[in-house]
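Visitor: I should like a close look at a single part of this model, together with what surrounds it. Please proceed step by step.

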Amino acid sequence: METTAEGLIRGEDGLDRCFWHGGLDDYRRYHDEEWGRPVTDDVRLFEKICLEGFQSGLSWLTILRKRENFRAAFAGFDFHQVARFGDDEIARCLADAGIIRHRGKIVSTINNARHAIDLTAEFGSLSRYFWSYEPDASERPERMDYATLRANPTSPTSIRLSKDLKKRGWTFVGPTTVYAFMQAMGLVNDHIEGCCRRAPTEELRSRLVRP
């Protein structure tokens, strides 16, 4: 495995991938099979934005390796169920060594579940709401290279979306967290030029029927 000057890692299979997976098998699978692929399922969207909130101040790899524990703790991220969590469920989560035992983030997930229900009532689905924030080409860089990716932890859209979510009562949804969510769920394609997953991801986005 070698790292190229363009911020790509060449694997043993001869394919170039974004540098950040670091050659770790589980991280590489996440890079290849999930990151950047367009998501329209409401439960998975809620999961992704909640886990990005839990990631704040930590590495994504830490969250990824605890993801099944998070799913078990938060009813598979069915936000209708999570919205009904109370003190007993908060105490259970705080005692669960398999997740990040941060009271503020646990309470935030419950709070955001309740506001997710409000969003679906207003827009018909979380998917319709989030995809309405898909940035147009004028906002996107002409070339997504290593330097551009490293220099842009937020975007004008992530700032607007963050502000709107906060106005609606969501928490742990700062612009950096929201941009990471946008990258993960495919609202943008931030695979670096030359990455073996950039073109396939763009093809998936081109075929997507927007909600």
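Is cysteine 93 buried or exposed? From there, please turn to helix 7, the part that I wish to understand in detail.

Guide: The model is a predicted one, in which local features need pLDDT of at least 70 and side-chain atom pairs count only at pLDDT 80 or more, while totals for chains, interfaces and linings use all residues. Residues are numbered from 1 along each chain as its sequence is written, and side-chain values use heavy atoms, with hydrogens and water left out.

Cysteine 93 is buried, at a relative accessible area of 0% (buried is under 20%, exposed over 50%, partly exposed in between, with a 1.4 Å probe and protein chains only). Its closest cysteine sulfur belongs to cysteine 50 and lies 11 Å away, which is too far for a bond. Cysteine 18 is likewise buried, with a relative accessible area of 0%. The sulfur of cysteine 18 is 3.8 Å from that of cysteine 195, the closest cysteine sulfur to it, and this is also too far for a bond. The structure as a whole contains zero disulfides (pairs of cysteine sulfur atoms within 2.5 Å).

Helix 7 itself comprises 21 residues, from 103 to 123 (helices are DSSP runs of H or I, at least four residues, numbered from the N terminus). At 1.5 Å a residue this helix should span 30 Å, and its end C-alpha atoms are indeed 30 Å apart, so the two values agree; the expected span is 1.5 Å times one less than the number of residues. Just after the helix, glycine 124 adopts a positive phi of about 95°.

Which residues of helix 7 are buried? They are Lys105, Ile106, Ser108, Thr109, Ile110, Asn112, Ala113, His115, Ala116, Leu119 and Thr120. An α-helix has 3.6 residues a turn, so residues three or four places apart point the same way. The cover over the buried residues of helix 7 includes helix 2 (42–55), helix 5 (79–82), helix 6 (87–94), helix 8 (126–131) and helix 10 (156–167), where contact means heavy atoms within 4.5 Å.

Valine 107 also belongs to helix 7, but this residue is partly exposed, with a relative accessible area of 36%. Its C-alpha atom is separated by 9.2 Å from that of glycine 86, and the two residues are 21 residues apart along the chain.

The surroundings of helix 7 also include enclosed space. The structure holds two cavities of 30 Å³ or more (on a 1 Å grid over the protein atoms alone, a cavity is a set of points where a 1.4 Å probe fits but cannot get out, and lining residues have an atom within 4 Å of a point). The largest cavity has a volume of about 60 Å³, and its lining consists of Ile49, Cys50, Gly53, Phe54, Lys105, Ser108, Thr109, Asn112, Thr171, Phe172 and Val173. Helix 2 and helix 7 are the elements that give two or more residues to this lining. Thus Lys105, Ser108, Thr109 and Asn112 are among the buried residues of helix 7 and also line the largest cavity. Cys50, whose sulfur is the closest cysteine sulfur to that of cysteine 93, is another of its lining residues.

The second largest cavity holds about 40 Å³ of space. Tyr30, Glu47, Lys48, Leu51, Glu52, Trp60, Arg67 and Ala184 line this second cavity, with helix 2 giving the most, four residues.

Key. On a 1 Å grid over the protein atoms alone, a cavity is a set of points where a 1.4 Å probe fits but cannot get out, and a pocket is an open set with protein on both sides within 12 Å along at least five of seven lines; lining residues have an atom within 4 Å of a point. Grid points are joined across faces, edges and corners, and a volume is the space filled by probe spheres set on the points.
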